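Welcome! Open your viewer, and let's take a short walk from one selection to the next.

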Amino acid sequence: MLPYVFKRLLQAVPILLAVAALVFVMFSVIPGDFASTQSSDGRSAIDAEAVARMNTQFGLDEPVHVRFGKYAGKLLTLDLGTSFRTRQPVINSLSERIWPSLQLSMAAMLFAIAFGVPLGFLAALKPGGWVDMQSMIVAVSGLSLPQFWLGLMLMYTFALLLGWFPSFGYGDGNPRYLVLPAVALGVAPLALLARTTRAAVLEVMNADFVRTARAKGNSEVRVMRWHVARNAAVIVLTTLGLQFGSIMGGAVVIEKLFAWPGIGSLLVDSVSLRDIPVVQACILLLVLFFLIVNIVVDVLCALIDPRIKYS
Amino acid sequence: MKFRANLWIGGTLFAAVIVGGTLAPWLAHTDPVMDANLMNAEMPPGSEFWFGTDAQGRGIYSRVLYGARISLTVGIVSQLINTLIGVALGLSAGYWGGWWDDFVNGLTNLMLSIPSLIFALAIMAILQPGLTSLLIALGLTNWSYTCRLSRAATLSIKQQGYVEAARSFGSGNTRIMLKQILPNIAGPIIVIGTLGMGGAVLAEAALSFLGLGIRPPFPSWGSMLSDARDQITTAPWISVFPGLAIFMTVLGLNLLGDGLRDILDPQSQSRRA
């Protein structure tokens, strides 16, 4: 197993480098650079000499490939550059935002798994039944809701009207602040999990090995647990891994709505201010996280299902 | 043939949005942008303003109707771009194979490793906010599934006898791709396109909500919600209706996509939830 994990991590390196190159090139073709956006808003006039000095200071006066070479070299030593805005190393502002982001996405996933998987399982036990109909209505609605609107409505109902939870902010890690954003972010994956679990369980229940397991005289609970749930889990986990990207996209908007100090809100703020080194670093970090999640998913699948052989 | 509830409900919802957006000038009795009147600010829903008014005194009913135009344009056009890119790359990669196939595969894997909303956000950072930029950002970032599907389907179809037959009759490669292969992979592609349209409507709303898509005063549902956030304590109805409009549109498209899948792509019904 360990060599496999190591191999997968190694495979992630070229993808990360390719993403870094793509993002780097994208931002190098921007019409208008940072120095000129500082002066073009009409509030301040910077003369050409100052613009040239800023470009030299940030190393923006060299050709793209030379700059990317330097950038990639620095990436290997975890030097993500200097923020245009704060003039601090990017890694500083990034590192203090990783934990809040992780907290939020883990809480949302826990919520989604705790409700979505049982819902899908119950729905699949009697396809076409009352529970099935209800849970699939919940699922298709959950996938169609704009997450930030749901967040706004939750904020209005549970923070402003009822006063049960704080309306926004991080509250120095107080878990009460985590509830509303986590629910707002978790509803879409909950819906997805319910649908995927239902489909996976239905598919596995019709498989030959389940009929065999029943024929051998296993109790229904044992059949469900050892034969259906285990096999369905592999399908559910794989879908979850692939869809994790859209959950991360949702997190960006939810963090901004609830003024949550995570990577997502840093990314949005930096995009608005054209703080390119920070934008690049945020995207790289999010892609890295996405890749790691998928590696973890593959490893989990192999642990659950011994038939999966990884070479 | 059984009654397909999702197809009919989804189709009706989506048709209602199209009719609302198209007939907005006749259905709305106020202008969505120009009819600002601070005397009418933050009026709750009533007989004069059915959905109430916003902080500038503009009728929300009218703004929601006109907002459908932006959402539909973004949803339909960006998804057409995605489908064109995905089919062109996937079909040609599956058909020709070789280095082109490797290249397309690499590109698809790269795209799949960047969450699409985050990629679109990065593109919006480069372009100026506005409709054209949104179409570019959302049209270039969501073609990987279509591409994978077209490639896989092409690989299996090009082995079929009728493709061989067409070739022996002297059909050129382009003709075979367009006349023999494309019609046979169209069903699943239409399904993905419909579901993707719902995703694009959500993405447009999210980007506009973040201030990176359609900017005020133009009535995009996302930017309306972004404005409404400040008045949520005093005038919650400003937040309710644009959100409901997004929800109904996306729900309609998702149900429509599911319904179309049952008809056009029956074997995948249980595989992809």
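**Stop one: a span in chain A**

Select residues 98-297 of chain A: the C-alpha atoms at the two ends of this span lie 21 Å apart, and the span is 82% helix and 0% strand. Keep in mind as you look around that this is a predicted model. An unreviewed UniProt entry places the feature "domain: ABC transmembrane type-1" at these residues, 98-297 of chain A.

**Stop two: a pair of helices**

Stay in chain A and pick out helix α7 (residues 147-161) and helix α8 (residues 179-205). How do their axes cross? The axes come within 9 Å and cross at roughly 140 degrees, and the crossing of α7(A) and α8(A) is right-handed.

Now show the side chains where the two meet. On α7(A), select A:Gln147, A:Leu150, A:Gly151, A:Leu154, A:Met155, A:Phe158 and A:Ala159. Their partners on α8(A) are A:Leu180, A:Pro181, A:Val183, A:Ala184, A:Leu185, A:Val187 and A:Ala188. Colour this contact by residue type and you will find 12 nonpolar residues, two polar ones and no charged ones.

**Stop three: chain B**

Move on to chain B and switch to a cartoon view. Which elements do you meet from the N terminus on? The run is α-α-α-α-α-α-α-α-α-α-α, with 11 helices and zero strands in chain B.

Zoom out until the chain fills the screen: the C-alpha trace of chain B spans about 75 × 50 × 30 Å along its principal axes. Of the 273 residues in chain B, 49% are buried. Finally, look at its contacts: among those in chain B between residues at least 6 apart in sequence, 70% join residues at least 24 apart.

Definitions and conventions: Residues numbered from 1 in each chain as written. Chains lettered and ligands numbered in written order. Predicted model: local features only at pLDDT ≥ 70, side-chain atom pairs only at ≥ 80, totals over all residues. Helix = DSSP H or I, 4+ residues; strand = E, 2+ residues; numbered from the N terminus. Buried ≥ 20, exposed ≤ 12 C-beta atoms within 10 Å, placed from the backbone. Contact = placed C-beta atoms within 7 Å. Axes fitted to C-alpha atoms, helices over the stretch in contact; angles between N-to-C directions. Left-handed = near helix turned anticlockwise from the far one by under 90°. Nonpolar A, V, L, I, M, F, W, Y, C, P; charged D, E, K, R; others polar. UniProt positions renumbered as here; feature names shortened; annotations may be inferred.
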